Amino acid sequence: MLAVSTDSRFVHKIWQEQELSKMVSGGVPFPMLSDAGGKIGAVYGVYDEAAGVDIRGRFIIDPDFVIRAMEVLTPEVGRNPDELIRQIKAFQHVRATGEVTPSGWQPGQTTLKPGPALVGRVWEVWKP
Amino acid sequence: MSEMRDNCVQPARGPIVPVPESAAPTVGAMPLQEANKMLAHVGKEAPDFEANAFVAGVGFKPVKLSDYKGQWIVLCFYPGDFTFV
């Protein structure tokens, strides 16, 4: 997990010490990166030039360095970590098995094995 | 925390632009393919970058995205420290 905003590393340090450490025991354990000038956010399509900040955007990157998922929100609405973790588990399952995971899949639930035999028969196999 | 002692202004590399494979000269605008390579897309390689960072228990250090190659990475942008949500 890497957190990125346009704040300086100094501000990150004080935010961790003054506020985050009071919300999360020991503070957040992951690196807090400084995207001064929004150059990194611009490459990831999340830099709001008018406001001069990176809006909420999160990206799941697999071990081959391929982006598997992105979610971008305007700042007013916070994220759902449960959905982030669900997606990571689903991508890890797909990577390990070659199966695909239907809508809302949770670990342990039915997966689908894509192939000619499954065409038109998803309704028989997958009953959410 | 020796890394805590650094200058007020510490440039980081920011986005790391891949070197074009062909040495063919480009005139005017960058070819669309090259420009697209630098932007994040699902199913495509993540654009690499280096940024200055604060790491709890370590201090200040530059972090490169590709340092984490081989692991699952969550890259999380947010509007600012001390904001409300």
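In this predicted model, strand 5 and strand 6 (residues 67-73) of chain A run antiparallel and are joined by six bridges. Within this pairing, A:Gly57 has A:Val72 of strand 6 as its bridge partner. The two strands form a hairpin with five residues between them. In the turn of that hairpin, A:Phe65 has a positive phi of about 75°.

A second positive phi, of about 80°, is found at A:Gly98, just after helix 3 of chain A. Helix 3 itself covers residues 81-97. Its 17 residues, at 1.5 Å a residue, should span 24 Å, and its end C-alpha atoms are 24 Å apart, so the expected and modelled spans agree.

Strand pairing also crosses between the chains. Strand 1 of chain A pairs with strand 4 of chain B in the parallel sense, over three bridges. Here the bridge partner of A:Ala3 is B:Cys76, in strand 4 of chain B. The following table lists the two pairings side by side.

| Strands | Sense | Bridges | A bridge pair |
|---|---|---|---|
| Strand 5 of chain A, strand 6 of chain A | antiparallel | six bridges | A:Gly57 and A:Val72 |
| Strand 1 of chain A, strand 4 of chain B | parallel | three bridges | A:Ala3 and B:Cys76 |

The contact between the chains takes 51 residues from chain A and 37 residues from chain B. On the side of chain B that touches chain A, the elements giving two or more residues are strand 1 (14-15), strand 2, strand 3 and strand 4 of chain B. Strand 2 of chain B supplies the largest share of this side, six residues. By class, this side of chain B has 25 nonpolar, eight polar and four charged residues. For the complex, the predictor gives an ipTM of 0.92 and a pTM of 0.87.

The largest nonpolar core holds 26 residues, and those touching the most other members are A:Leu2, A:Val4, A:Leu33, A:Ile61, B:Ala51 and B:Leu75. From chain A, strand 1 (2-5), strand 2 (32-34), helix 2 (39-43) and strand 5 (56-61) each give two or more residues to this core. From chain B, strand 2 (49-55), strand 3 (59-64) and strand 4 (73-77) do so. In soluble globular proteins, nonpolar side chains tend to be buried together.

A:Leu2 illustrates how residues of both chains meet. Leaving aside residues up to four places away in sequence, A:Leu2 touches A:Phe30, A:Pro31 and A:Leu33 in chain A, and B:Val63, B:Ile73, B:Leu75 and B:Cys76 in chain B.

A:Ala42 lies in helix 2 of chain A. This residue counts as partly exposed because it has 18 C-beta neighbours inside 10 Å, whereas a buried residue needs 20 or more. A:Ala42 and A:Thr111 are 69 residues apart in sequence, and their C-alpha atoms are 36 Å apart in space.

Chain B has one helix and four strands, arranged from the N terminus as β-α-β-β-β. Of its 85 residues, 21% count as buried. Among contacts in chain B between residues at least 6 apart in sequence, 46% join residues at least 24 apart.

The mean pLDDT of chain B is 83, and 71% of its residues reach 70 or more. Among the elements of this chain, strand 4 has the highest mean pLDDT, 98, and helix 1 (residues 32-37) the lowest, 66. Where pLDDT is low, the predicted coordinates should not be read in detail.

Notes: Residues numbered from 1 in each chain as written. Chains lettered and ligands numbered in written order. Core = buried A, V, L, I, M, F, W, Y, C linked by C-beta atoms within 7 Å. Buried ≥ 20, exposed ≤ 12 C-beta atoms within 10 Å, placed from the backbone. Contact = placed C-beta atoms within 7 Å. Nonpolar A, V, L, I, M, F, W, Y, C, P; charged D, E, K, R; others polar. Pairing = 2+ DSSP bridges. Expected span 1.5 Å × (residues − 1). pLDDT = per-residue confidence, 0-100.
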